[in-house]
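Reader: I am new to this structure. Can you show me how to read its features, one at a time?

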Amino acid sequence: MNMHSVAEANPGFTSHDVENSLDGNICRCTGFRPILDAFKTLSADPHEDLRRKCLDIEDVYKCPLKNAEAKQLLDNKFEIVQVPKNVYLKSANGEQWFKVTTLAMLYEIIQNFSYSQITYKLVAGNTGIGVYKNDGPYVGYIDINHIPELKKSSVDQSGIVLGGNVTLTWAMDLFKLAPKTDGFVYTEEFYNLFLRIAGHPVRNRGTLAGNLMMKHAHKEFPSEIFLLFESIGATLKIGTSMTSQQEYTLIDFLNLDMTGKVILSIHLPVFEKERYLYKCFKIGKRHKNTQAIVNAAFLFEIDTSNSKILSRPRICYGGINPNFVHANNTEEYLDGKQLNISTIQGAMKMLENELVPDSELGNSKPAYRIGLAQSYLYKFILQILGNDVDPRLRSGAYEIERTLTSGKQTFETDRLKWPLNQPIPKMDSLAQVSGEAKYINDICSELAELHGAFVVTTVGNATIKSVDASEALSVAGVVAFYSAKDVPGRNNATAFLPHPEMIFIENEVKYAGQAVGLIVATDKDTALAARSKVIIQYENVQKPILSISSAVEGDKTCSDISKLKLSLPYEEAESTREKNVVLNIAKTKTKRDEVKGNLHKVKGEFQTHGQYHFHLEPQVCICIPTEDGMTVHSSTQWMNFTQAAVASCLNLPNNSVTVEVRRLGGGFGAKSTRSALIATACAVAAHHTQKPVRVDLDLETNMQMIGKRLPYLVQYEATVDDLGKIHTLKSKIYCDAGHVPNEPTVHYGMICSQSCYHENGWDVTPGVALTNTAANTFCSAPGSSQGVAIIETIMEHIAYTVEKDPLEVRQINFIQKGDPFIGVPGAKLLQDNLLPRMISELQNSADLNARMNYVKMFNKSNRWRKRGISVVPQRYPNYYYNTRYPTFISVYPSDGTVNLTHGGIEMGQGLNTKVAQVVAYTLKIPLEKVKVAPSNNLVSLNTSATVGSMVSELVCSSAQKACEQLLERLSPVKKFLHNPTWEQLIAAATGRNILLTSQFQHKKGDVKSYDVWGVTATEVEIDVLTGDFKIVRVDLIEDAGESISPLVDIGQIEGAFVMGLSWWLTEELIYDQNSGELITDRTWNYKPMLASDIPEDFRVTLLRNAPNPFGVFGSKATGEPPLNMSCSVIFALRNAIDSARREAGNHSWYQMDGPVTREVIRQLSLVSPHEFNI
């Protein structure tokens, strides 16, 4: 939709327009690059490679716009004529809605509202609801979009006039019309910063006056628009009637009672370009579409001949505290001063003294915000002084410039095997991009369907004293409130897990966000509004434990780790065997290797953090009572688990519960077991009302109620020789399971912590910490992502200690054929280590040596800008445990088409595409003849969870076996007919009453485990003064065997890697330390990476000539290994930070935990204003 509006407004749009227009879209699956590239092919300036790729795709899916019929339709142009009319509506609850077309009518209505003391809101874009969603309540709403007077704008020699109802996009267009030569020294800066405010759709709808009114109502709001306008001395024309208008400064406006008043226009002045210089800055948690941590704007009148400030400058900041705008003391200090080192140091001291940041939860630390403010001013001064500045310092004047993103994908394909190994788009892609693909919430409402909304706790460690839902039940439309006492069966949502988790808590509160009950109403809005009226009283409220370090320090860990369910994805079943595995992990044999030189001790700690899955489809379920049980449409990755949990809570036999899943809008592990929390509550409500009930979580509830990726803590100590070879390694690795240890991944995490390295004298001990947070759960690459990061951190520490190149240290510790694995008794590396070959290829394809030398030269030449590069290898053990994914195939006699269903869940990973390619290849029929039906627990019963990277492979393997059974059955008929077509063969088989269905399910041991190898080089650039950064380039090589579907695998690799980058860099979970509530529970304060944050140059290669002898058709899993290698970005950042620290005089090792935010980068870079030289 974004691109459609862009193309309509500007048919000649460019590749830059594409990236700017998609700057507000979140995509967890693709990594953004393929989306950007697809739209760039439609631009006026696509790269030739992109144009060629588009043609290749059209060969597979013929573009409908090239059909003759489509051309005829395009000729039938039509126009929607909108004639603004006044409108008045009044709802049943007394709310009034006006749509007005004249300023006079607007004044009349707001004066009536003001006189009657009726709360009202002027509505234009209404985008502010995304920031302050709980403002109000309002009785009156006035749509002001069609008042011409509020949109009048002009650009002339006297200045710029912007109507109050001008959108941000419209204002940007006007800024482009105002050249610097006419005295608009600020418009280019305005344009560039406006481009980073919100996202394209919000800029298209949000208005200038609306943004200013948010600042007026919420002084803490870091409005860039307010800041920019105030920094140049803009004024507002505000009216109270057709005959009463007055101009106000922005500062006066903040304290003005706006009741009965309207912002009519904003007036921006002009300045002599020879004397005035202007600059503005912003740093947020990501590059675009984020509120500023601190923003700043400066306007200086300068005598450029001697760098003297001729008048009092304007120095404005946002994000310091709600009342701070101008650095008045610093402005006075600089008035008349000449810019030199003495002046700069004086200004920095003055600024530090007058900045008093608040300490509101969720904000960055005060020290960082003061430092940012100082750095901004210093950067502007460097820019003013220009070539008079030391060449090593000049780059500090400017912000990091981001260029267009690009990518390169390299893989082999064998046309003789097509449709196997054929690079095709996902089968669902056209339906998805056109909005026709149906998800759970797209299922049409049933007659008399009800809606549920969870009531959750607001403290994390207490007991429930009472729950009073009487006020909520009195709300019109509310049907019922269900709690623990209403569960007819077991009050447990975790059917197969070792520890019960209540559907609704009965007494003890374990975490803030825990479900107390479910409000059921006739519509979703009513349910959401009513749940806030349920009154929960607590007692015995205690301070919650919220971090893994606090849990370990307070000994809040599981006492007997061997009794925990291992959550290991390999062949283990017996509890005694599990205990042996734990003991085996704890200690391995020491072999005496030759010591090269001296032995060194390396000791430290490292923590990884949690990550919200951010599937765009929320947790959702629809339960429909039937005559003999319940039909459940759940967004689940594990049908069998959901079926058992629902049956148990309703006290029904399993055969009375039917579960069906067409597809998920993302899962990433969050919907493997956690979806049952929603399904069971929904089922209880449907059971009691005997009506269909729909429960789809809003984002805040989803984030508060559902667990995340498990945080990890490792304490390690190693002895190494002068070459960095490990001789002993002792570590204790803890995972944070949340409030209950149902899905601890620490055992698999420790197995993966060996990665690609030879274990010798390793003593690794597992631990599980318990905190007052939601039960954490599987998240893409569970355990392995943390395990790889742990060992790679240790490798970096070793390299730092022995002063060797980190890649050399890694290579000297590589595992060799025949070396044992930790945690898997008797298992050894049976094949060659592919990494030496892959690293050699990477050095050539990525020009690694030359780039490493360039990084050294760059860092030597720049004090305030640094680059870093890192290479991370890995071995991912792809174990098959006792999983079941049956496949059922049907062939229809009239045309020979094939339909199939399987036990896996399609959730964007391309599972259905791969299995269709395998079926078409095995049966030797066109791919167009194969369709995949939704998964259900009638045909595909007793399935395992669709988690890990192995499911696509196992489903493809079971589909292959089912096809082979079918072909064997058809073999006699085929011999008799002498080379028939597929259609002739099926018709003949039907005439002979041959069963044209087939089903297959693997048993344990049918498919062998194997290793996936990979290596990634990541290059970054940081702004030392602010902590800002960009990912310059990523080169990733993955051993994918012979890919079944190369484009799908490339998409999986890029999406997983970017999800990992986001985990390491921008996603931060912040809890209220007193209540335990999650503060970062929506997109306003939880920031996954966007398109503007991904690597500028992203190159992915599937290793050539590396078939997998154990895989399905020689393939390997691809989904999770790339995410493990995303930790390369923090080591590249460390490489850059190291250079900054050395110049600050510090050569010591330092702990760097995730997320490595901009604040962390600046803090670790040891920036001091005392070094602000020229």
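Reader: Is Ala448 buried, partly exposed or exposed?

Author: This is a predicted model. Ala448 counts as partly exposed, because its relative accessibility is 42%, between the cut-offs of 20% and 50%.

Reader: Where is Ala448 in the chain?

Author: Ala448 sits in the loop between α16 (429-433) and β15 (450-456). Look at its backbone too. Phi of Ala448 is near 65°, a positive value in a residue other than glycine. Asn1105 also has a positive phi, near 50°. Its loop runs between β37 (1097-1102) and α33 (1121-1125). At 60% relative accessibility, Asn1105 counts as exposed.

Reader: Which residues does a cis peptide bond join?

Author: One such bond joins Gly136 and Pro137, with omega about 0°. Pro137 lies in the loop between β3 (120-123) and β4 (140-143). Another cis peptide bond links Gly1154 to Pro1155, with omega about -5°. Find Pro1155 in the loop between α34 (1128-1143) and α35 (1158-1164).

Reader: How many disulfides does the structure hold?

Author: Start with the idea. A disulfide is a covalent bond between the sulfur atoms of two cysteines. Here there are zero.

Reader: Why is Cys682 not bonded to Cys623?

Author: The cysteine sulfur closest to that of Cys682 is in Cys623, at 3.6 Å, which is too far for a bond. The cut-off is 2.5 Å. Cys956 is in no disulfide either; the nearest cysteine sulfur, that of Cys963, is 10 Å away. Cys682 is buried, with a relative accessible area of 0%. Cys956 is buried too, also at 0%.

Reader: What does Asn640 touch?

Author: Leaving out residues up to four places away in sequence, Asn640 touches Phe496, Arg884, Asn942 and Thr943. Asn640 belongs to helix α21 (residues 639-650). With a relative accessible area of 9%, Asn640 is buried.

Reader: Which residues form a nonpolar patch on the surface?

Author: Val87, Leu89 and Trp97 do, with about 250 Å² of accessible area together. Trp97 is part of strand β2 (residues 96-99). Trp97 is partly exposed, at 32% relative accessible area.

Reader: Where does pLDDT stay under 50?

Author: Check the chain as a whole, then its stretches. The protein chain averages a pLDDT of 92, and 95% of the residues score at least 70. Over residues 60-76, pLDDT stays under 50, and the model has 13 contacts there beyond four places in sequence. Residues 566-586 also stay under 50, with 52 such contacts.

Terms used
Residues are numbered from 1 along each chain as its sequence is written. This is a predicted model: local features need pLDDT of at least 70, side-chain atom pairs count only at pLDDT 80 or more; totals for chains, interfaces and linings use all residues. Side-chain values use heavy atoms; hydrogens and water are left out. Buried means under 20% relative accessible area, exposed over 50%, partly exposed in between (1.4 Å probe, protein chains only). pLDDT is the predictor's confidence in each residue, from 0 to 100. Contact means heavy atoms within 4.5 Å. Patches are made of residues with over 30% relative accessible area and no salt bridge: like charges are joined within 9 Å, nonpolar side chains (Val, Leu, Ile, Met, Phe, Trp, Tyr) within 5 Å. Accessible areas come from the Shrake-Rupley method with a 1.4 Å probe; for residues, only the protein chains shown count as cover. A salt bridge is a side-chain nitrogen of Lys or Arg within 4 Å of a carboxyl oxygen of Asp or Glu. Helices (H or I, at least four residues) and strands (E, at least two) are DSSP runs, numbered from the N terminus.
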